[in-house]
Amino acid sequence: LGIGLVVALTLAIGLAWIETRRLRRPLEQLTAAAAQLEAGDYTARVPQSGTSPEFTAVADAFNDMASRLDSTETSRRRLLSDVAHELRTPLATLTAELEAVIDDVVPWDHDSQQLLTLQAARLKKIAADLDDVSRAEEGRFTLDTHTQPVWDLIEPAVATVATRYEAKGVTLSADSDPGSVAADPQRVGQILGNLLDNALRHTSAGGIVHISARESRDEVVITVTDTGDGLTPDQIAKVFDRFYRADTARARDAGGSGIGLTIARSLALAHGGSLTAASPGPGHGSIFTLHLPTAPAPERVL
């Protein structure tokens, strides 16, 4: 009995030592990766040791968290860079004009006042767009959703931009099925306004922009089709990114902030829908498709 107890104790100590060594390595790797993450190195990852399903699950969860933190940090840096880039032009113009007026290089007249007012308005629009896209992406928009005919959403959006389309010589037309959607009219109007503004910006005089709505199962599909510049596959992949411009020079000249489509997609997602882009290719126009859920009840408020 004594010999048996000694042998059992020896085996138990040996097995405990082996198990401790087996578990210590992945724990040390997890601790080291956590320390890297705390120090700001978001590339830290934990290798899957295969020690046990539990450790594998912990490693997967840690790596997913690190990947999201890395993506968030990358987005934050890109956003700061984009904002600085967007603000640089109007601020530089304001500074140069003010210095010229102060030094009596140029007179303070209507043209100077108009230039300063224009740049100040551009700064105000950038600030408002940044606030909109931030609230949309964080889900801080309060939607006042009502059941209403889809044409009641399209008609005001078309009427708002009709004068600018006529001034540029671009034909704008619209049609719709007699369907209904559960939507916030103000926010959907913002989506459609951004899509129509974008289509006008990239369609030359003599071009055509058409907006239509069709019912499809449990959703309404609204498409904005233009005969404008078109998009490459790479541009389609980036067109909803913040501050992205398919044609930088033209977008800046037209006063676009590069955030309108980002806001439009975020608002579409907030409605439980989606917004996608497609194009046959450069010079062949673009198609933006908005999916909105049909009204499940006579009236609903979120």
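**Briefing: surface, sheet and helix packing**

Roughly speaking, about 17100 Å² of this protein is exposed, and carbon and sulfur atoms supply 58% of that area. Bear in mind that this is a predicted model. The chain has 302 residues, and 36% of them count as buried. Its secondary structure comes to 8 helices and 7 strands. If you look at contacts with a separation of 6 or more, 71% of them link residues 24 or more positions apart.

**The sheet as a whole**

- Five strands make up an open sheet, and reading across it the order goes β2-β4-β5-β7-β6, with mixed pairing.
- From one strand to the next, the twist averages 15°.
- The edges belong to β2 (171–176) and β6 (274–278); each has a single partner strand, so one side of each is left without a neighbour in the sheet.

**β5 and its two partners**

- Strand β5 is largely enclosed by the rest of the structure, because 6 of its 8 residues are buried.
- On one side, β5 runs antiparallel to β4, and 8 bridges join the two. Here E215 sits opposite V220 in β5.
- β4 and β5 also form a hairpin with 2 residues between the strands, and that's where to look for R217, which takes a positive phi near 55°.
- β5 (residues 219–226) pairs with β7 (residues 287–293) too, again in the antiparallel sense, this time over 7 bridges.
- To find your way along the β5–β7 pairing, try V221, which stands opposite H291 in β7, and I222, whose bridge partner in β7 is L290.

**A helix across the sheet**

- Helix α4 (residues 151–168) lies across three strands, namely β2, β4 (208–216) and β5.
- Relative to β2, α4 runs at about 175°.

**The α5–α8 pair**

- Helix α5 covers residues 185–201 and helix α8 covers residues 260–270; their axes come within 9 Å and cross at roughly 145°.
- The crossing of α5 past α8 is left-handed.
- α5 brings R187, Q190, I191, N194, L195 and N198 to this contact, where they meet G260, L261, I263, A264, L267 and A268 of α8.
- Sorted by type, the residues in the contact of α5 with α8 come out as 7 nonpolar, 4 polar and 1 charged.

How values were computed
Residues are numbered from 1 along each chain as its sequence is written. This is a predicted model: local features need pLDDT of at least 70, side-chain atom pairs count only at pLDDT 80 or more; totals for chains, interfaces and linings use all residues. Side-chain values use heavy atoms; hydrogens and water are left out. Helices (H or I, at least four residues) and strands (E, at least two) are DSSP runs, numbered from the N terminus. Buried means under 20% relative accessible area, exposed over 50%, partly exposed in between (1.4 Å probe, protein chains only). Contact means heavy atoms within 4.5 Å. Accessible areas come from the Shrake-Rupley method with a 1.4 Å probe; for residues, only the protein chains shown count as cover. Axes are lines fitted to C-alpha atoms, for helices over the stretch in contact, and angles run from 0 to 180 degrees between N-to-C directions. A crossing is left-handed if the near helix is turned anticlockwise from the far one by less than a right angle, and right-handed if clockwise. Ala, Val, Leu, Ile, Met, Phe, Trp, Tyr, Cys and Pro count as nonpolar, Asp, Glu, Lys and Arg as charged, and the others, Gly among them, as polar. Two strands pair if DSSP finds at least two bridges between them.
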